[in-house]
Amino acid sequence: MDIIKEIEQQQLRTEEFDFHVGDTIAVSYLIKEGTRERIQVFEGTVIKMQNSGARKTFTVRRLSYGIGVERTFPYHSPRIKGIKVTRRGKVRRAKLFYLRDRQGKAAKVKELKNY
């Protein structure tokens, strides 16, 4: 088991991203299509973060043409080129699944003014 932990430690990301549940972030993600590579930006609200260590993931939700789209990213993935926080959210929950049932302005998260 120590060998597995050792390999996981080598794959952990050294830089830390400063975002929390409720924040609106833009994730720059490397996509490979055949022989070509491009960076796609996925911007939305972080609705959950789970696990720790090498298995840490976060889920981002956005509305695309009126349809809710959620995407789960591994936190330590080498394909994540950058995460930019566009808005800090003020929430009192660890998981924001209630946003799935809401539309329009009701699906907004209050903004944290002083951060």
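Biologist: Happy to look at this one with you! In which sense do β2 and β3 pair, and over how many bridges?

Modeller: Gladly, and bear in mind that this is a predicted model. One of the facing positions is Val-46, which stands opposite Val-60 in β3. The two strands pair in the antiparallel sense, and their bridges number five.

Biologist: Thanks! Which residue takes a positive phi in the hairpin of β2 and β3?

Modeller: That hairpin has six residues between the strands. Among the residues of the hairpin, the one with a positive phi, near 65 degrees, is Asn-51.

Biologist: And how many bridges join β3 to β4?

Modeller: Let's start from the facing residues. Leu-63 stands opposite Gly-68 in β4, and Arg-62 has Val-69 as its bridge partner there. β3 and β4 run antiparallel, and the number of bridges that join them is eight.

Biologist: Which residue in the turn of the β3 and β4 hairpin has a positive phi?

Modeller: Here the hairpin has two residues between its strands. A positive phi of about 55 degrees is found in the turn, at Tyr-65.

Biologist: Let's go back along the chain. Over how many bridges do β1 and β2 pair?

Modeller: β1 covers residues 24-33 and β2 covers residues 36-50. One bridge partner in β2 is Gly-44, which is matched with Ile-25. The pairing is antiparallel, and the bridges number 10.

Biologist: Now the whole sheet: which strands stand at the edges, and why is one side of each left without a neighbour?

Modeller: The open sheet has five strands in the order β4-β3-β2-β1-β5, with antiparallel pairing. The strands at the two edges each have a single partner strand, so one side of each is left without a neighbour in the sheet. Those edge strands are β4 (67-74) and β5 (80-87).

Biologist: By how many degrees are neighbouring strands of this sheet turned against each other on average?

Modeller: Direction is ignored for this value. On average, the turn between neighbouring strands is 40 degrees.

Biologist: What pattern does the chain follow when read along the sequence?

Modeller: The chain holds one helix and five strands. Its C-alpha atoms fill a box of roughly 50 × 35 × 25 Å along the principal axes. Read along the sequence, the pattern is α-β-β-β-β-β.

Biologist: Which elements give two or more residues to the lining of the largest pocket?

Modeller: The largest pocket holds about 280 Å³ of space and is lined by 15 residues. Thr-45, Arg-61, Leu-63, Ala-107 and Lys-108 lie nearest its centre. The elements that give two or more residues to the lining are β2 and β3 (57-64).

Biologist: How do the residues of that lining divide into nonpolar, polar and charged?

Modeller: Let's sort the lining of the largest pocket by residue class. The split is four nonpolar, five polar and six charged.

Biologist: Last one, on the aromatic side: the charged end of which residue sits over the ring of Tyr-75?

Modeller: The count of aromatic pairs comes to seven. Ring pairs link Phe-17, Phe-19, Tyr-29, Phe-42, Phe-58, Phe-73 and Tyr-75 into a cluster. Over the ring of Tyr-75, 4.4 Å from its centre, sits the charged end of Lys-56.

How values were computed
Residues numbered from 1 in each chain as written. Predicted model: local features only at pLDDT ≥ 70, side-chain atom pairs only at ≥ 80, totals over all residues. Heavy atoms only, no water. Pairing = 2+ DSSP bridges. Helix = DSSP H or I, 4+ residues; strand = E, 2+ residues; numbered from the N terminus. Axes fitted to C-alpha atoms, helices over the stretch in contact; angles between N-to-C directions. 1 Å grid on protein atoms, 1.4 Å probe; cavity = no way out; pocket = protein on both sides within 12 Å on 5 of 7 lines; lining within 4 Å. Points joined across faces, edges and corners; volume = space filled by probe spheres on them. Nonpolar A, V, L, I, M, F, W, Y, C, P; charged D, E, K, R; others polar. Phe/Tyr/Trp six-rings, centres within 6.5 Å; stacked < 30°, edge-to-face > 60°. Lys NZ or Arg CZ within 6 Å of the ring centre and 35° of its normal.
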